[in-house]
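Could you walk me through how the labels on this model follow from their cut-offs? I would like each term set against its definition.

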Amino acid sequence: MAWVLKMDEVIESGLVHDFDASLSGIGQELGAGAYSMSDVLALPIFKQEDSSLPLDDETKHPPFQYVMCAATSPAVKLHDETLTYLNQGQSYEIRMLDNRKMGDVPEITGKLVKSIIRVVFHDRRLQYTEHQQLEGWKWNRPGDRLLDLDIPMSVGIIDTKTNPSQLNAVEFLWDPAKRTSAFIQVHCISTEFTPRKHGGEKGVPFRIQVDTFKQNENGEYTDHLHSASCQIKVFKPKGADRKQKTDREKMEKRTAHEKEKYQPSYDTTVLTECSPWPDTPTAYVNSSPSTAPTFTAPQQSACSVPDSNSSSPNHQGDGVSQASSEQLQPSATIQETQQWLLKNRFSSYTRLFSNFLGADLLKLTKEDLVQICGAADGIRLYNSLKSRSVRPRLTLYVCREQPAPQGQQQAAGGGGDSGGATPYVYHAIYLEEMVASEVARKLALVFNIPFHQINQVYRQGPTGIHILVSDQMVQNFQDESCFLFSTVKAENGGGVHIILK
């Protein structure tokens, strides 16, 4: 029995020893010296996956960088675009930096590039009406430019150009391999383009944009290379410094938690990449006689009166008929739309509507046109598109009296017919001026009477007396009055008198 117990102890101690040995083996297999992470990452599967990831050196970067030496505002939230305040007329440096790496854009190595600097509107609404806004500024500031280059202070720029028709742009050539700085002056202020209603309005923001081009095969600088821009506001002299100080003081009063939501102020402004500024082509108007636009007025018939002031409904000179013949048709092409604008004295808007078909222009509402063209031209363009003619001040209906039996004349005087007699046809004349000479002129046009042969116009009064038609009498005519008229030769035989009945 004792022998059996001893054997059990020997077996148990052996099992414990074997278990301890197995544990020690596990510890050695999992020890830090068993393998290294670099060995694992060196396996082919990890190498293949790592090689598919883009390297930092391969990331695309712009060939140029433009830095304006003006501090950004501290009152801009983190994810918003930076805002820089400038003083009107002060020179600010824009550094033109070559940002290319070895082998980038080799075709411009040792060659010049052209850059165009513009000051443009930031708001999309004002971009649509840029031409009209700048024309209005030019009218108020004759001889001034919105943007100028300070050539004496600039470095490395050559062949500078300013186009008199583009007051907001300057261009120059420069060598990317050399130090280049362009000093610009902005002469417009942000509040000049704000509608003045009650005072104290915020000025509209502008953008400074730089577009750079290289030469094409013809030696012209038209191949786009790079564009960048930044948002600015322009104040009267010293105003930008005061605004910067005000923003800084406001930020100092904020709590640390609130300050985390805003960007810090930087000493310089880096222009961020953007799309190139679109150069709207000049509107092309074909003067070829073979092209017949849909709004061309039809030729006058033999019975029409050769004067546009004629107001008879039975003549092509009628105001309504003339307006309808010149109406812009929805099917009008871009070229025909441009011709219609020129024909109706909207030449200053041909560039703005250079890509509009007739249907596009007709779809614009009155509010759209007022916003785009301003109140005066917007309403005028809307009325022209809708063929709204000027309402006459006075309308008269007149009929030429024909020789007839006494009974028929009495019937005609009552405004009716007499049996099978020919009815009296009245013509409408529209007076834009309430004067007697206007009555004589319109009667001459409608009834083909030589105007210089009309001596006097009379109105038949009580008991058949003849009353001279004066300006005061015309002003007291009732609208839509009806008259029969006849002509009698003057006593001296030189001309005729017209008698209204």
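The questions and answers below go through sheets, helices, salt bridges and exposure in turn.

Q: What kind of model is this, and how are its residues numbered?
A: This is a predicted model, in which local features need pLDDT of at least 70 and side-chain atom pairs count only at pLDDT 80 or more, while totals for chains, interfaces and linings use all residues. Residues are numbered from 1 along each chain as its sequence is written, and side-chain values use heavy atoms, with hydrogens and water left out.

Q: What makes β5 and β11 edge strands?
A: Good place to start! The order in this open sheet of 5 strands is β5-β8-β3-β1-β11, with antiparallel pairing. β5 (147–149) and β11 (269–270) each have a single partner strand, so one side of each is left without a neighbour in the sheet. Strands here are DSSP runs of E with at least two residues, helices are runs of H or I with at least four, and both are numbered from the N terminus.

Q: How do you know that β1 and β11 pair?
A: Two strands pair if DSSP finds at least two bridges between them. Strand β1 (residues 64–68) is joined to β11 by 2 bridges, so the requirement is met, and the two run antiparallel. Val67 has Val270 in β11 as its bridge partner. As background, strands of a sheet pair through backbone hydrogen bonds, either parallel or antiparallel.

Q: Which strands stand at the edges of the sheet of 6 strands?
A: This open sheet has the order β14-β13-β17-β18-β15-β16, and its pairing is mixed. Its edge strands are β14 (427–431) and β16 (466–468), each pairing on one side only. From one strand to the next, the twist averages 40°; axes are lines fitted to C-alpha atoms (for helices, over the stretch in contact), with angles from 0 to 180 degrees between N-to-C directions.

Q: What makes β15 and β16 a pair?
A: There are 3 bridges between β15 (residues 454–460) and β16, which run antiparallel. Gln460 stands opposite His466 in β16.

Q: Where does helix α14 lie?
A: Helix α14 (residues 436–446) lies across β13 (394–400), β14, β15 and β18 (496–500), and runs at about 145° to β14.

Q: Why are the buried residues of α12 said to be on the same side?
A: In helix α12 (residues 375–385), the buried residues are Gly378, Leu381, Tyr382 and Leu385. They cover an arc of only 100° around the axis, which puts them on the same side of α12. That arc is taken from the directions from the helix axis to the C-beta atoms. Their cover includes α9 (334–343), α10 (358–363) and α11 (366–373), where contact means heavy atoms within 4.5 Å.

Q: Why is the link between Lys214 and Glu107 called a salt bridge?
A: The term asks for a side-chain nitrogen of Lys or Arg within 4 Å of a carboxyl oxygen of Asp or Glu. For Lys214 and Glu107 the closest N and O atoms are 2.6 Å apart, so the pair qualifies. Lys214 lies in strand β9 (residues 206–215) and Glu107 in the loop between β3 and β4, so the pair ties together parts that are 107 residues apart in sequence. A search of the whole structure finds 14 salt bridges.

Q: How do you know that Lys214 is buried?
A: Buried means under 20% relative accessible area, exposed means over 50%, and partly exposed is in between (1.4 Å probe, protein chains only). Lys214 is at 18%, so it counts as buried, whereas Glu107, at 38%, counts as partly exposed.

Q: What makes Glu438 and Arg441 a salt bridge within a helix?
A: Their closest N and O atoms are 3.1 Å apart. Being 3 residues apart in helix α14, they are separated by about one helical turn. Glu438 is buried at 5% relative accessible area, and Arg441 is partly exposed at 25%.

Q: Why is Lys238 called exposed and Val105 partly exposed?
A: Lys238 has 55% relative accessibility and therefore counts as exposed, while Val105 has 21% and counts as partly exposed. Lys238 is in the loop between β10 (221–235) and α6 (239–252), and its phi is near 75°, a positive value in a residue other than glycine. Val105 is in the loop between β3 (91–98) and β4 (113–121), with a positive phi near 45°.
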